[in-house]
Structure formats: C-alpha cells, structure tokens
Amino acid sequence: MPNLENLKKQAKQFLRWHRERYHPVAAEIRAMLPRFRHLDDHQVLEANFRLSDAQELVARQLGFEGWQALKAGAPAMSTQVKQLTTAPILSGTEAQLYVADVRASCDFFTSKLGFAIDFVYGDPPFYGMITRDRARLCMQLVCEPVFVGDIRRREQLLSASITVETAAEIKQLFLEFQSAGVNFYQELKKQPWGARNFIVLDPDSNLILFAGPAD
C-alpha cells in the first residue's frame, strides 16, 4: 500500500494541476468523481475543486469510496493484494504533433482527414486534440523550428502511425484522402513485410503513416 504521506502529496498535486488549468487532469477528475461526470473538460477546470475533492480522487483511484475509507482501510491491506488489484493497464497512446498554428492544423485534419476536434485549449490555442475512431493526435504549438532543415523528409521521421484492421480499409482510406486533395509523402504501397501503407504530409511537414494488411 502506498505511504499515506505520499498519497497526500498526490492529492495536492492534483489540486495544483487543476488550479494551473493543466488540461489532462480534467479527464481524470471526470472519470473518478461522479459529480463532475456531466461536465466537459473546460467546465471541469472552471469548477470549484478543493483539496477534499483531490483526496477523494486519490482514494477512488485505489478502490476506496473516499479519503476517510482509505485512511481506515490502508493499514489492513497488504501490498501484495493491492498490487494484484491495481496493476496499471496501458489503455491508449497519443502522438504529439508540433505545429505552428493549432487552429489551422485542426482545420486540416478535420476537413481533409475526417478527424473531429476533441478540445483546443488557450486563446489563441496552444494545445489541442483531434480524434477519429480510436486514433488520437495532440497538437502542441511551437513557435520556432523543432527539426533541422528537411531532415524529416530525408530520414522519413514519422510523427505518428495509425493502423486499420483490413486491406480493404487501408485502400478505402487512401482513396478518401486522395479525393480530398491530401498531400502525400508516399502514396499507397505494398511493403515486403506484408503491410500496405501510405504517408500523409501535413501543413507543418509532419509525416503521418496510415497502415493496414497488404491482403
């Protein structure tokens, strides 16, 4: 069982993140605390969030109904049991794209590639996320060059890889993007290792790979 003092520090960290409007914490608050579940990310960050709320969040993450239940139950629980019941499961990953204009980048992905805006943060926006099905891409504003020259194109440095499950889907996706006038770094191609893929070049020269089975 984690040390109680460390759990108190975790609660204070959640509280600090909320006060600093750190966007990823909104999803955690909404998922763990029932009274926040009807709110979107922006509303969660604008809502009143106290230390007691942060402590309840930590408690619920460990399977307790609240902070008092955690304090009462912690001494009686063995570390081994808790490791079995709270082993972390990686449920997803998000690629980070460095862009010069978050809004313009979101417009490209929504109008050309069929993504939808999950959120944008800041005025003007400096961070955002777009989604299509289970694929998620984050947009991070960067106001100066991140890569030297055209190294991404020369070395084919991918910013994200997105997959589909069937050969028919990857062909259909390529035709969809082609009809939308998307700029390709590499058109649909069958690879020796049994995949069929293509690479999209976004307005910030990010290379986005789309791949599926060859047959």
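# Briefing: buried charge, salt bridges and nonpolar cores

D53 is buried in this structure, with a relative accessible area of 2%. The structure is a predicted model, and a search of the whole of it finds 12 salt bridges. Two of its nonpolar cores are described below, one being the largest, with 25 residues, and another, lying apart from that one, having 22 residues. The points that follow begin with D53 and its partners, then turn to the other charged pairs, the cores and the surface.

**D53 and its surroundings**

- The residue D53 belongs to helix α4, which covers residues 51–61.
- Where does D53 have contacts, once its neighbours within four places in sequence are left aside? Under that condition D53 is in contact with L33, R35 and N48.
- One of these residues, R35, is also tied to D53 by a polar contact of 2.4 Å between the two side chains.
- D53 forms a salt bridge with R50 as well, in which the closest N and O atoms are 3.6 Å apart.
- The two partners in that bridge differ in their exposure, because D53 is buried at a relative accessible area of 2%, whereas R50 counts as partly exposed at 47%.

**The salt-bridge network**

- Salt bridges link R35, R50, D53, E56 and R60 in a network.
- Within this network, E56 forms a salt bridge with R60, the closest N and O atoms being 2.8 Å apart.
- E56 and R60 are separated by about one helical turn, because they stand 4 residues apart in helix α4.
- E56 counts as buried, since its relative accessibility is 15% and the cut-off for buried is under 20%, while R60, at 29%, counts as partly exposed.
- Side chains of opposite charge can pair when their charged atoms come close.

**A salt bridge between distant parts of the chain**

- The side chains of R132 and E176 meet in a salt bridge, with 2.9 Å from N to O.
- This pair links distant parts of the chain, as R132 is in strand β3 (residues 125–132) and E176 is in helix α9, 44 residues apart.
- Are R132 and E176 buried or partly exposed? R132 counts as partly exposed at 23% relative accessibility, and E176 is partly exposed too, with a relative accessible area of 31%.

**The nonpolar cores**

- Which of the 25 residues in the largest nonpolar core touch the most other members? They are F109, L137, M139, F177, F198, V200 and F210.
- At least two residues of this core come from each of β1 (95–99), α7 (102–112), β4 (135–141), β5, α9 (167–179), β7 (195–201) and β8 (207–213).
- L137, one of the residues that touch the most other members, is in contact with A95, L97, F109, F115, G128, M129, I130, A160 and I162, leaving aside its neighbours within four places in sequence.
- Apart from this core lies another, of 22 residues, among them I29, F36, L39 and Y121.
- In soluble globular proteins, nonpolar side chains tend to be buried together.

**A nonpolar patch on the surface**

- Y98, V146, F147 and L157 form a nonpolar patch on the surface, and together they have about 310 Å² of accessible area.
- Of these residues, L157 is found in the loop that runs between α8 (151–155) and β5 (158–163).
- L157 is partly exposed, with a relative accessible area of 33%, and so passes the cut-off of over 30% that applies to residues in a patch.

Note on methods: Residues numbered from 1 in each chain as written. Predicted model: local features only at pLDDT ≥ 70, side-chain atom pairs only at ≥ 80, totals over all residues. Heavy atoms only, no water. Patch = residues over 30% accessible without salt bridge, like charges linked within 9 Å, V, L, I, M, F, W, Y side chains within 5 Å. Areas by Shrake-Rupley, 256 points an atom, 1.4 Å probe, with all protein chains shown as cover. Salt bridge = Lys/Arg side-chain N within 4 Å of Asp/Glu carboxyl O. Buried < 20%, exposed > 50% of the residue type's maximum accessible area, 1.4 Å probe, protein only. Polar contact = N/O pair within 3.5 Å; in protein donor to acceptor, adjacent residues only side chain to side chain. Contact = heavy atoms within 4.5 Å. Core = buried A, V, L, I, M, F, W, Y, C linked by side-chain atoms within 4.5 Å.
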